[in-house]
Amino acid sequence: MKKILLIGASGFVGKSLVEYFGDSDRYFSKIYTISRKNFSLKKKYKKLKKIKTDLIKLKKIPEIDYIMYLINSNGHKSYIKNFDKFKKLINNLKYKPSILFLSSGAIYGKRKKKQQISEKFLIRKNKILNYKNYKRKYALEKIYLENKFKQLSKNGYKVSIARCFTFYGNYILNYKYAISNILNSIIRKKKTIVFDKNPNIYRSYMHSDDMCKWLVKIIKNSNFNCPIYNVGSNKEINMFELAAFFSNRYNIKLKSKNYDLNEIEYYVPSTEFATKDLGLKNNVSFKNGIKKILSNL
């Protein structure tokens, strides 16, 4: 059995992956995690080894078969030093592991029309400059790191890149996302769901079980050409309509603000390439995924 290392494992994606791998014997015999923060899981796993430290301070990493690079710098320029240190660490390993870099669909820029985005879309920084503050820094960080990981593949490492969109699952309630706010309003039996965003925001939601399955398949397909895949659902959801549905379903008042109804924000991927190249598809419907979250409380 193979061993895997998750770098930056304390967030939603990292915890979902640890849980997914820990619950099955078919993937990895040992799971290593590196993170600055302590993080807790709903279960304990004997094959999990946590390393609590900043990547910059790390002296070595264990000999492993796969590495998922999940670090998010939260807008700070530490991502440059982090990658430089990561490169030094893997160069000291006896064998070269396969590597997956977790990028983001944010690099495609702010989309103002209803059109799914494919991996062939030309990345333009002027589109990213339309973002505000944190989102702009986040997208520029991902572009920089994508180029660095592509260079690693040219240096003899098997690499792949996952451009991730929007996910949900067992740990989503702990984070401040639109879907989290709606579900927490229901769970805590609040009198009002507050929707203070543009009503023409479109998202798509991939359940964490599908996300984990996709990321495993992608990292195992890592090669010297550094393939890039969109990871997410291609089924669009209007966020205001979603809030209205839950409002009616659970008899909770919906409070919203007035916005320009002609303005559209569209964040939905084309997943045609992942389906054709790797046979990937989503098995958990949005409705069943929501049921899974509520039943696990």
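The exercises below, each with a worked solution, concern aromatic pairs and salt bridges in this predicted model.

**Exercise 1. Classify the ring pair of tyrosine 20 and phenylalanine 21, and say whether each residue is buried or exposed.**

The search of the whole structure returns 28 aromatic pairs. For tyrosine 20 and phenylalanine 21, the ring centres are 6.3 Å apart and the planes meet at 65°, so this pair is edge-to-face, given that planes over 60 degrees apart are classed in that way. Turning to accessibility, tyrosine 20 has a relative value of 19% and counts as buried, because the limit for burial is under 20%. Phenylalanine 21 is likewise buried, its relative accessible area being 0%. Both residues belong to one aromatic cluster, which also contains Tyr27, Phe28 and Tyr66.

**Exercise 2. Determine the geometry of the pair formed by tyrosine 168 and phenylalanine 286, and state which elements it ties together.**

The two ring centres lie 5.2 Å apart with their planes at 50°, so the pair of tyrosine 168 and phenylalanine 286 is tilted. Tyrosine 168 is placed in strand β7 (residues 167-168) and phenylalanine 286 in helix α9 (residues 286-295), so the contact ties together parts that are 118 residues apart in sequence. As for accessibility, tyrosine 168 has a relative accessible area of 0% and is buried.

**Exercise 3. Find how many salt bridges there are, and explain what the one between glutamate 265 and lysine 135 connects.**

The count comes to eight salt bridges. In the bridge between glutamate 265 and lysine 135, the closest N and O atoms are 3.9 Å apart, which satisfies the cut-off of 4 Å. Glutamate 265 lies in strand β14 (residues 265-266), whereas lysine 135 lies in helix α4 (residues 133-154), so the pair ties together parts that are 130 residues apart in sequence. Glutamate 265, at 18% relative accessibility, counts as buried, while lysine 135, at 41%, is partly exposed.

**Exercise 4. Describe the salt bridges within helix α6 and helix α8, with the accessibility of their partners.**

In helix α6 (residues 208-220), lysine 213 and aspartate 210 are three residues apart, about one turn of the helix, and their closest N and O atoms are 3.6 Å apart. Lysine 213 is partly exposed at 22%, but aspartate 210 is buried at 3%.

In helix α8 (residues 272-278), lysine 276 and glutamate 272 are four residues apart, again about one helical turn, and their side chains meet at 2.9 Å, N to O. Lysine 276 is exposed at 65%, and glutamate 272 is partly exposed at 46%. Elsewhere, salt bridges with shared partners join Lys135, Arg203 and Glu265 into one network.

Terms used: Residues are numbered from 1 along each chain as its sequence is written. This is a predicted model: local features need pLDDT of at least 70, side-chain atom pairs count only at pLDDT 80 or more; totals for chains, interfaces and linings use all residues. Side-chain values use heavy atoms; hydrogens and water are left out. Rings of Phe, Tyr and Trp (its six-membered ring) pair if their centres lie within 6.5 Å; planes under 30 degrees apart count as stacked, over 60 as edge-to-face and the rest as tilted. Buried means under 20% relative accessible area, exposed over 50%, partly exposed in between (1.4 Å probe, protein chains only). Helices (H or I, at least four residues) and strands (E, at least two) are DSSP runs, numbered from the N terminus.
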